[in-house]
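Welcome, and please take a moment with the sequence and the model shown here. A short tour of some helices and a sheet comes after it.

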Amino acid sequence: VPELPEVETTVKQLHPHLPRRRIRSAHIRYRNLYRTGSLGVRYLIDREIATVERIGKNILLRFHPAALMIVNLGMTGQLLACDARERLCGFRARHLHVRFGLDNGRELRYYDARRFGHLYIAERCDCFEELNIGPDPFQMKPAALRAKLRSRTAAIKTLLMDQRIISGLGNIYTDETLFYAGIDPRTPGQLAGRNCGRILSSARRVLARAIEHGGSTILNYRRRDGTHGEFQKYHEVYGRKGERCCICGGIIVRIVLSGRGTHFCPTCQR
Ligand SMILES: [Zn+2]
């Protein structure tokens, strides 16, 4: 599943190719990719791409004259720029669902094997509201997170994975974040909320490091359909049940919280 670091890597890869390019043609083969209320891909023809950025775990393209397209990669989506005639190694033609012809003879393509991704095209919208997501750890201020955790009694791990509260943290990065913050994942939200500054700085540290290694993650993700492979050696607690904690040497444990495998060090995280 593409998490925030993989999406950020995709945006970085698209950045040299898209801004200032004009859309010349647009085709969609699998119409169920549209989110409810989306305009059709042809709405973007003759518009120029202004920016490409990440919003939570989504890719956002803005256009002139005013339009925007939000792409959510779902489980297996891939958005990439290549030559119009290029046959990409490792990508199947039957998984190619959307293609935009650009004014320089290149193409913006969307591949998705399992088709859980979606597109949303509009003239304008409040993206956070449309996607029903909160700011990500790079955007959020400690006071704003504290306000959202106030009076919440659910486990902090569960609350941090709720995209409406804070976007961009999946199961792996939440476990890693709480390890760096030294907080037990079972702590009630209202109690953990006292340490929002530490939670956010830990989340930014974990995500920044994953973004740094994003390229290799994408490669593994392409090859093995969702597994992280090599990337696991950068995890301190996730997937390391029974191994030693890198800080105290104690044993890392695994519990289940709201149905999700949760890894932590009982000594370092209280
Ligand atoms: Zn420890």
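What follows looks at one sheet and then at two helices.

This is a predicted model, in which local features need pLDDT of at least 70 and side-chain atom pairs count only at pLDDT 80 or more, while totals for chains, interfaces and linings use all residues. Residues are numbered from 1 along each chain as its sequence is written, and side-chain values use heavy atoms, with hydrogens and water left out. Helices (H or I, at least four residues) and strands (E, at least two) are DSSP runs, numbered from the N terminus.

Let us begin with the sheet. Four strands form an open sheet in the order S2-S3-S4-S8, with antiparallel pairing; two strands count as paired if DSSP finds at least two bridges between them. S2 (48-55) and S8 are the edge strands, each pairing on one side only. On average, neighbouring strands here are turned by 15° against each other, direction ignored. Helix H1 packs on this sheet, touching S2 and S3 (58-64), and its direction makes about 160° with that of S2. Contact means heavy atoms within 4.5 Å, and axes are lines fitted to C-alpha atoms, for helices over the stretch in contact, with angles running from 0 to 180 degrees between N-to-C directions.

S4 (residues 67-72) and S8 run antiparallel and are joined by 5 bridges. Two of the facing pairs are listed here.

| Residue in S4 | Partner in S8 |
|---|---|
| Leu 68 | Ala 122 |
| Ile 70 | Tyr 120 |

How many residues of strand S8 (residues 118-122) are buried? The count is 5 of the 5, so S8 is largely enclosed by the rest of the structure. Buried means under 20% relative accessible area, exposed over 50%, and partly exposed in between (1.4 Å probe, protein chains only). His 118, Tyr 120 and Ala 122 lie on one side of S8, with Leu 119 and Ile 121 on the other.

Now to the helices. In H5 (residues 171-181), 10 of the 11 residues are buried, including Tyr 173, Leu 178 and Phe 179. These buried residues pack against H1 (4-14), H4 (156-160), H7 (196-212) and strand S10 (260-264). Just after H5, Gly 182 takes a positive phi of about 70°.

The buried residues of H7 include Cys 196, Ile 199, Leu 207 and Ile 211. The buried set covers an arc of only 165° around the axis (taken from the directions from the helix axis to the C-beta atoms), which puts these residues on the same side of H7. Arg 205 and Glu 212 are exposed on the face turned away from that buried side.
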